[in-house]
Amino acid sequence: GDLTTSNIMMRNPPSLDGAVLDGTPRLVLIDFGLAGTAGNKGVSHEERAVDLYVLERAFEATHPGSKALVEEALRAYKGR
């Protein structure tokens, strides 16, 4: 499926009072599209770009004011 914020979960979430219980909270992508199953060719730059574009649009549509989150996601992705 398409990468949206519905495909992201938090590992080690803080408790309701904000205390970190079991380590550093981390966001985990649980589905990065079907492009990764493209066989021995791997994933093209275009397929990755489309996934990132869909994620950006999903943030804008469902989480107004989340530009900083999108920028951080792209920064982290570049660091891979």
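Visitor: Which helix holds both Glu 72 and Arg 75?

Guide: Happy to start there! This is a predicted model, in which local features need pLDDT (the predictor's confidence in each residue, from 0 to 100) of at least 70 and side-chain atom pairs count only at pLDDT 80 or more, while totals for chains, interfaces and linings use all residues. Residues are numbered from 1 along each chain as its sequence is written, and side-chain values use heavy atoms, with hydrogens and water left out. Glu 72 and Arg 75 sit three residues apart, about one turn of the helix, and that helix (a DSSP run of H or I, at least four residues, numbered from the N terminus) is H2.

Visitor: How far apart are the closest N and O atoms of Glu 72 and Arg 75?

Guide: These two form a salt bridge, meaning a side-chain nitrogen of Lys or Arg within 4 Å of a carboxyl oxygen of Asp or Glu. The closest N and O atoms are separated by 2.5 Å.

Visitor: Is Lys 67 buried or exposed?

Guide: Buried means under 20% relative accessible area, exposed over 50%, and partly exposed in between (1.4 Å probe, protein chains only). Lys 67 pairs in a salt bridge with Glu 71, which is partly exposed at 44%. Lys 67 itself has 61% relative accessibility, so it counts as exposed.

Visitor: Which residue forms a salt bridge with Arg 57?

Guide: Look in helix H1 (residues 45-62), where the partner lies three residues from Arg 57. The closest N and O atoms of the pair are 2.7 Å apart, and the partner is Glu 60.

Methods:
Helices (H or I, at least four residues) and strands (E, at least two) are DSSP runs, numbered from the N terminus.
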